[in-house]
Amino acid sequence: MKKIEAIIKPFKLDDVREALSEVGIAGMTVSEVKGFGRQKGHTELYRGAEYMVDFLPKVKLEIVVADDQVEACIDAIMETAQTGKIGDGKIFVSTIERVIRIRTGEENEDAV
């Protein structure tokens, strides 16, 4: 099993969720996060004063999938989250050793 973490632009969340649903992804965890990379933030005007916003709002998706679903999941995220502009985000894939559903005690792929 693999854990896919994707950091995307917030306005792309619904499109990505629909695309993942179409490839058979039934569940995910979504968090509102802030961060910066090459974008380096931007300046905003508030009550006549300009100030620097260092951390930009992003959405983090966490999805645990069977090994054979990884590529379809990555492709769905790439196709829908990509705008071609700086700040589109990143996808991280890591190995999951064990998953346990607390309610039933099911483990691994049965628990996902």
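**Exercise 1. Decide whether T80 is buried or exposed in this predicted model, and work out what surrounds T80.**

Solution. Start with the number: the relative accessible area of T80 is 18%. The cut-off for buried is under 20%, so T80 counts as buried.

Next, find its place in the chain. T80 belongs to helix α2, which covers residues 70-81.

Now look for its contacts. Leaving out residues up to four places away in sequence, T80 touches K12, D15, V16 and A19. One of these, D15, sits in helix α1, residues 13-22.

Finally, take a distance. The C-alpha atoms of T80 and E18 are 9.3 Å apart in space, while 62 residues separate the two in sequence.

**Exercise 2. Move on to T83 and say where T83 is placed and which residues T83 touches.**

Solution. First, the place: T83 is in the loop between α2 and β6.

Second, the cover. T83 has a relative accessible area of 32%, so this residue is partly exposed.

Third, the contacts: K9, F11, K12 and D88 touch T83, once residues up to four places away in sequence are set aside. K12 is also among the residues that T80 touches.

Last, check K9 by distance. T83 and K9 are 74 residues apart in sequence, yet their C-alpha atoms are 9.4 Å apart in space.

**Exercise 3. Which residues form a negative surface patch, and how open is D15?**

Solution. Begin with the members: D14, D15, E18 and E22 form the patch.

Then pick D15. A patch residue needs over 30% relative accessible area and no salt bridge. D15 has a relative accessible area of 38% and is partly exposed, so D15 clears that area cut-off.

To place D15, go back to helix α1, residues 13-22. And remember that D15 is also one of the residues touched by T80.

**Exercise 4. How many salt bridges are there, and which parts of the chain does the K3 pair link?**

Solution. The idea behind it is simple: side chains of opposite charge can pair when their charged atoms come close. The cut-off is a Lys or Arg side-chain nitrogen within 4 Å of an Asp or Glu carboxyl oxygen, and by that rule the count is five salt bridges.

Take K3 and E62. Their side chains meet in a salt bridge at 3.0 Å, N to O. This pair links distant parts of the chain: K3 is in strand β1 (residues 2-8) and E62 is in strand β5 (residues 56-65), with their positions 59 residues apart. K3 is partly exposed at 21% relative accessible area, and E62 is partly exposed at 21% too.

Now E107 and R98. The closest N and O atoms of this salt bridge are 3.0 Å apart. With 32% relative accessible area E107 is partly exposed, whereas R98, at 53%, is exposed.

Then E106 and R101. Here the closest N and O atoms are 2.6 Å apart. E106 is partly exposed at 31%, and R101 is partly exposed at 26%.

**Exercise 5. Find K60 and list what K60 touches.**

Solution. K60 is in strand β5, the strand that holds E62. At 23% relative accessibility, K60 is partly exposed.

Skip residues up to four places away in sequence, and the contacts of K60 are E5, A6, I7, T29, V30, S31 and V33. As for G89, 29 residues along the chain from K60, the two C-alpha atoms are 9.4 Å apart.

**Exercise 6. What stands out about the phi angle of N108?**

Solution. Begin with the background: most residues other than glycine have a negative phi. N108 is a residue other than glycine with a positive phi, near 55°. N108 lies in the segment after β6 (90-95) and is partly exposed at 29% relative accessibility.

**Exercise 7. Step back and describe the chain as a whole.**

Solution. Count the elements: two helices and six strands. Read from the N terminus, their order is β-α-β-β-β-β-α-β.

Then consider burial. Of the 112 residues in the chain, 29% are buried. The exposed area is about 7800 Å², and carbon and sulfur atoms supply 49% of that area.

Finish with contacts. Among those between residues at least 6 apart in sequence, 69% join residues at least 24 apart.

Methods
Residues are numbered from 1 along each chain as its sequence is written. This is a predicted model: local features need pLDDT of at least 70, side-chain atom pairs count only at pLDDT 80 or more; totals for chains, interfaces and linings use all residues. Side-chain values use heavy atoms; hydrogens and water are left out. Patches are made of residues with over 30% relative accessible area and no salt bridge: like charges are joined within 9 Å, nonpolar side chains (Val, Leu, Ile, Met, Phe, Trp, Tyr) within 5 Å. Accessible areas come from the Shrake-Rupley method with a 1.4 Å probe; for residues, only the protein chains shown count as cover. Lys and Arg count as positive and Asp and Glu as negative; His and the chain ends are not counted. The place of a charge is taken as NZ of Lys, CZ of Arg, CG of Asp or CD of Glu. Helices (H or I, at least four residues) and strands (E, at least two) are DSSP runs, numbered from the N terminus. Buried means under 20% relative accessible area, exposed over 50%, partly exposed in between (1.4 Å probe, protein chains only). Contact means heavy atoms within 4.5 Å.
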